[in-house]
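Please find below a colleague's note on the structure, set out as numbered points. The emphasis falls on the overall make-up of the chain and on its disulfides.

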Amino acid sequence: MATRSLLLLAVVLPFVVAGAGNAAGIALSSKLIHRFSDEAKVFRVSGHRFASSWPQRSTVEYYEKLLASDFQRQKMKLGSQFQFLFPSEGSQTMSLGNYFGWLHYTWIDIGTPNVSFLVALDVGSDLLWVPCDCVQCAPLSSSYYSSLDRDLNEYTPSGSNTSKHLSCSHQLCELGPNCKNPKQPCPYVVNYGTENTSTSGLLVEDILHLAAWKNGTSNTNNSVQAPVIVGCGMKQSGSYLDGIAPDGLMGLGLGEISVPSFLAKAGIVRNSFSLCFDENDSGRIFFGDLGPINQHSTSFLPSPSNGNYDTYIVGVQAFCIGNSCIKETNFKALVDTGTSFTFLPEDVYEKVSLEFDKRVNATKTSFDGYPWKYCYRTSSQASVKIPSVTLVFPANNSFVVYDPVFPVNSNEGVIGFCLAIQQGDEIGIIGQNFMTGYRMVFDREALKLGWSRSNCQDLSDAKGMNLTPPPKGTPANPLPTNEQQSNPGDIAVAPAVAGRAPSKPSAASSRITQWRFYLLRLSLLLLQFHIVLDCLVGSCFF
């Protein structure tokens, strides 16, 4: 049915669009390529020495792969086994302070018998890796870390009854072409954004132990053993030797090798997860969480480098200080829990920091050892007004950061604060500090980022986390209209109401709206054709 539907799209699309062409005057067409065609083979296995594993058309292997894909799609369509999943040791995440890079961590169990690991959570990468058969790893004794009350563990694949080395011929072995033998263990190397920081070793298949949340209740007896790929991290470098992620890291990115991808493909939970960070350096992680219906959201964007959805990139339309949006502050940003602070492109950073500086009633200064440019000295008695900052997304969706600073402490207590934003590259980074107080939902099915204010409590009812309102006196949507946007230094008037439409759509936006309408009608028509054809061959379900 999949092939027939694709051919149907190729025939109907020009016809339907031509019907709408009275308004648009053009027809659209697109070339469709079957997943196992010779053309697809060029893209999928080009340069791979194991291209011989590509299924030949009309063979048993060919039909087995098509059938396996159909079963997998049915799993995802017919619903997941569980509403939510979380690590078997609990959903709680924690920040362990400066020694651990201010990142959030959670305990997970891997293997049979299960071994516990304290892994950092990182949506900016894909691989789950842990220290393993170490050649060069960070110290694992708790005596090295004041925040820990127990030693960290080292993974040994031979000590797990459920482990199996991934072979070089496996489709997820990126370094497979470099192997001398397709049956040898698959090596991996992952380089991270921080200078000279990497992990390398061998890829292993093993069990990740999870607990289930189903029908509104958390049942520890409802344990789930999910097959995943684990990086046996034999050698680490850079920050990973200095105390950041000494016991491993869980990549939560969009790649096929990430834990959320495995859980969704197996039909265990929906292809989404949430992270929540509260003001007390703790939080929660839930796999399968699509978020509350009243959350704000924005679409993810493809990577500028290759056009693929490789990472969680969003488009910010404007940056606001208080209720005043600064012109020409649109930018693209990577949403990354593995980055402690937020980074802006150089031109945006200068405008934002200057505007923030004008609105703070404190003395600008510098503190020894602090790389932040905009820091301020204050006393505990001083009354300091710190403006909120707002990221504006399409459709008037606003992401408000009520506390965009961090305190500077000394032996005397708090002596000042710094704007927790740094100058970055062309693509900014929305770091963990901006996500505090929010339930961040990474909806990989709809390719959207969702957010809602939250106290990050456990899912104590079937409706999800309890939501907390913004601070008193904060407008429901503190976002100025387009007419209220200002240049740096200008004061805007009252904020707009959420969901207010533009005063008058342009001709271009009207045409876009028309095409969205036609495409919607096309989608419904295709669905009807698909149902009719299914019934003609006796495979409809009603």
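The points below begin with the chain as a whole and then take up individual disulfides.

1. Nature of the model and secondary structure. The coordinates come from a predicted model, and every remark here should be read accordingly. Along the chain there are 28 strands, together with seven helices.

2. Burial and surface. The chain comprises 542 residues, of which 45% count as buried. Its exposed area amounts to about 27,700 Å². Carbon and sulfur atoms supply 52% of that area.

3. Contacts along the sequence. Among contacts in the chain with a separation of 6 or more, 65% are made by residues that lie 24 or more positions apart.

4. Disulfides in total. How many disulfides does the structure hold? There are seven, and three of them are discussed here, namely Cys132 with Cys232, Cys173 with Cys186, and Cys320 with Cys325.

5. Cys132 and Cys232. The sulfur atoms of this pair are 1.9 Å apart. The disulfide is left-handed because the torsion about its S-S bond is about -75°. Cys132 belongs to strand S5 (residues 128–136) and Cys232 to strand S9 (residues 217–237), so the bond ties together parts that are 100 residues apart in sequence. Is Cys132 buried or exposed? With a relative accessibility of 0%, Cys132 counts as buried; Cys232 is likewise buried, its relative accessible area being 1%. Both values fall under the 20% cut-off for burial.

6. Cys173 and Cys186. Here the S to S distance is 2.1 Å. The torsion about the S-S bond is about 100°, and the disulfide is therefore right-handed. Cys173 and Cys186 both sit in the loop between strand S6 (164–165) and strand S7 (187–191), with their positions 13 residues apart in sequence. Each of the two cysteines, Cys173 and Cys186, is buried.

7. Cys320 and Cys325. What is the handedness of this disulfide? It is right-handed, because the torsion about the S-S bond of Cys320 and Cys325 is about 70°. The sulfur atoms of Cys320 and Cys325 are 1.9 Å apart. Cys320 has a relative accessible area of 0% and is buried, while Cys325, at 1% relative accessibility, also counts as buried.

8. Recapitulation of handedness. For ease of reference, the Cys132–Cys232 disulfide is left-handed, whereas the Cys173–Cys186 disulfide is right-handed, as is that of Cys320 and Cys325.

Terms used. Residues are numbered from 1 along each chain as its sequence is written. This is a predicted model: local features need pLDDT of at least 70, side-chain atom pairs count only at pLDDT 80 or more; totals for chains, interfaces and linings use all residues. Side-chain values use heavy atoms; hydrogens and water are left out. Helices (H or I, at least four residues) and strands (E, at least two) are DSSP runs, numbered from the N terminus. Buried means under 20% relative accessible area, exposed over 50%, partly exposed in between (1.4 Å probe, protein chains only). Contact means heavy atoms within 4.5 Å. Accessible areas come from the Shrake-Rupley method with a 1.4 Å probe; for residues, only the protein chains shown count as cover. A disulfide is a pair of cysteine sulfur atoms within 2.5 Å.
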